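Here is a short set of exercises to work through with the sequence and the 3D view side by side. Try each task on your own before you read its solution.

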Amino acid sequence: MINVTQPFLPEEEEYKQYIEGIWERKWLTNNGPLVNELELRLKKFLGLSHLLFVTNGTIALQFAIRGLELKGEIITTPFSYVATTSSIVWENCNPIFVDIEANSLNIDPLKIEGAITDKTQAILATHVYGNPCDIDAIQRIADNYNLKVIYDAAHCFGTKYKGKSVLEYGDISTISFHATKLFHTIEGGAVVTKDPQLLKKIAFLRNFGHNGPESFQGVGINGKNSEFHAAMGLANLPYANDILEKRKQDHHLYNSWLKKLELQDIFISDDATYNYSYYPILFDSEEDCIKVFQALERSHIFARRYFYPLLSSLNYVNQMAMPIAENISKRILCLPLYYYLSNSEIDMICRIILRTLKY
Ligand SMILES: *Cc1c(COP(=O)(O)O)cnc(C)c1O
């Protein structure tokens, strides 16, 4: 069986070494030494000045919305994982969807202005598959209309934009370290912002609002992460460059097979150093997409229709027509991509795809 993804694991011994320290200290959570070390090492690796390690990438988004005190309408993309929209609704805001660009699959900045009302407070955009949005255009609109910008950068470990981490952009960027992501801490995520006041505020939100053992700065929740999760991150981090390099090679191998299909390429920002975190393939029709999906499935290879269905069709949002996103989401498939995937497995996957489409 080949799944769309498989979590990376470090050598068991490397994880155990960190765990031994936990047994010695008997300090399991609440901002322990491994959480601190992971935050420092991640900042260094990603080139960030600030970063808060939290329970997962979804609570990171909720912290972003809370931290910026957003109310009313948030402009967002229909083409993302459900957490992008659910976090908006969970925080009692109203998601207003704006269609995507047909080439980058990111939110279309040209359509944002038309969706702004006097209730709009922010733009929450996803860097889809780790490919940066048109950050400059989005920032110009945000500046003109006095809106905050949040980036769901869940897919962006290692992606750079104009030479620095893509997480440096927007008022806040969030990332996921879930087991299925390129770099993981089993469950986990982070909030990134350059604004020290905002960072402090979110640090309070993460820890029940405590500003001392017996005092509270305001309402908070438990968004901390544990020493065990930090240990996995610390054991995985030395492999991050290998993982990034392996994904790049896999992309090249897939490309060399699948170029015969002459399918539409997904446009990667010229300003990006891409992390190759997914391998999406955009078929000419939904029929081809489903045929390939099923042919792979018959060989126990599980690709994923990602993202399908659209977030603008969820039963708890104001549904809106999103013609481009609807069209794309019916035709797109993410192929298996993970560290342990072998070249011969990629060859096999590609042969099945070519055979199914009669090449
Ligand atoms: C994975 C993912 C999330 C959620 O992250 P978790 O750590 O699983 O909570 C949010 N947005 C996108 C785009 C994702 O892919």
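**Exercise 1. The ligand**

Task: Find which residues come nearest to the ligand, and how much of the ligand the protein buries.

Solution: Keep in mind that this is a predicted model.
Step 1. Of the 16 residues around the ligand, the nearest are Thr58, Asp152, His155, Ser176 and Lys181.
Step 2. Now look for polar contacts. A backbone N or O atom of Gly57 is 2.7 Å from an oxygen atom of the ligand. The side chain of Lys181 places an N or O atom 3.2 Å from a ligand oxygen atom. For Tyr306, a polar side-chain atom lies 3.3 Å from an oxygen atom of the ligand.
Step 3. Taken alone, the ligand exposes 380 Å², and the protein buries 93% of that.

**Exercise 2. Strands that pair**

Task: Work out in what order E7, E6 and E12 form their sheet, and which of these strands are the edges.

Solution: Step 1. Strands of a sheet pair through backbone hydrogen bonds, either parallel or antiparallel.
Step 2. The open sheet has three strands in the order E7-E6-E12, with antiparallel pairing.
Step 3. Strand E7 (164-165) and strand E12 (272-273) are the edge strands, since each pairs on one side only.
Step 4. To check one pair, take strand E6 (residues 160-161), which is joined to E12 by two bridges in the antiparallel sense. Here Tyr161 has Ala272 in E12 as its bridge partner.

Task: Now decide whether E4 and E5 run parallel or antiparallel.

Solution: Step 1. Strand E4 (residues 120-126) and E5 run parallel, and five bridges join them. One of the bridge partners is Lys148 in E5, which belongs with Ala122.
Step 2. In strand E5 (residues 148-152), four of the five residues are buried, so the strand is largely enclosed by the rest of the structure.

**Exercise 3. Two faces of one strand**

Task: Sort the residues of strand E14 (residues 332-335) by the way they point.

Solution: Step 1. In a regular strand the side chains alternate between the two faces of the sheet.
Step 2. In E14, Ile332 and Cys334 point one way, while Leu333 and Leu335 point the other way. All of these are buried.
Step 3. Four bridges join E14 to strand E13 (residues 279-282), and the two run antiparallel. Opposite Cys334 in E14 stands Pro280.

**Exercise 4. Salt bridges**

Task: How many salt bridges does a search of the whole structure find? For the pairs Glu37 and Arg41, Glu91 and Arg66, and Asp136 and Lys162, say where the partners sit.

Solution: Step 1. Side chains of opposite charge can pair when their charged atoms come close. The search finds 10 salt bridges.
Step 2. Glu37 and Arg41 meet at 3.0 Å, N to O. They are four residues apart in helix H2, and therefore separated by about one helical turn. Glu37 is partly exposed at 31% relative accessibility, and Arg41 is partly exposed at 29%.
Step 3. Glu91 and Arg66 meet at 2.5 Å, N to O. Glu91 lies in the loop between H4 and strand E3 (94-97) and Arg66 in helix H3 (residues 57-67), so this pair ties together parts that are 25 residues apart in sequence. Glu91 counts as buried at 11% relative accessibility, whereas Arg66 is partly exposed at 44%.
Step 4. In the salt bridge of Asp136 with Lys162, the closest N and O atoms are 2.5 Å apart. Asp136 is in helix H6 and Lys162 in the loop between E6 and E7, so the pair ties together parts that are 26 residues apart in sequence.

**Exercise 5. Unusual backbone spots**

Task: Find where the cis peptide bonds of Phe307 and Pro309 lie, and what is special about phi of Asn31.

Solution: Step 1. The bond from Tyr306 to Phe307 is cis, with omega near 10°. Another cis peptide bond joins Tyr308 and Pro309, with omega about -5°.
Step 2. Phe307 is in the loop between helix H10 (286-298) and helix H11 (323-331), and Pro309 is in the loop between H10 and H11.
Step 3. Asn31 has a positive phi near 55°, though it is a residue other than glycine. Asn31 sits in the loop between helix H1 (12-25) and helix H2 (33-46).

Technical notes:
Residues numbered from 1 in each chain as written. Predicted model: local features only at pLDDT ≥ 70, side-chain atom pairs only at ≥ 80, totals over all residues. Heavy atoms only, no water. Near = heavy atom within 4 Å. Polar contact = N/O pair within 3.5 Å; in protein donor to acceptor, adjacent residues only side chain to side chain. Areas by Shrake-Rupley, 256 points an atom, 1.4 Å probe, with all protein chains shown as cover. Pairing = 2+ DSSP bridges. Buried < 20%, exposed > 50% of the residue type's maximum accessible area, 1.4 Å probe, protein only. Salt bridge = Lys/Arg side-chain N within 4 Å of Asp/Glu carboxyl O.
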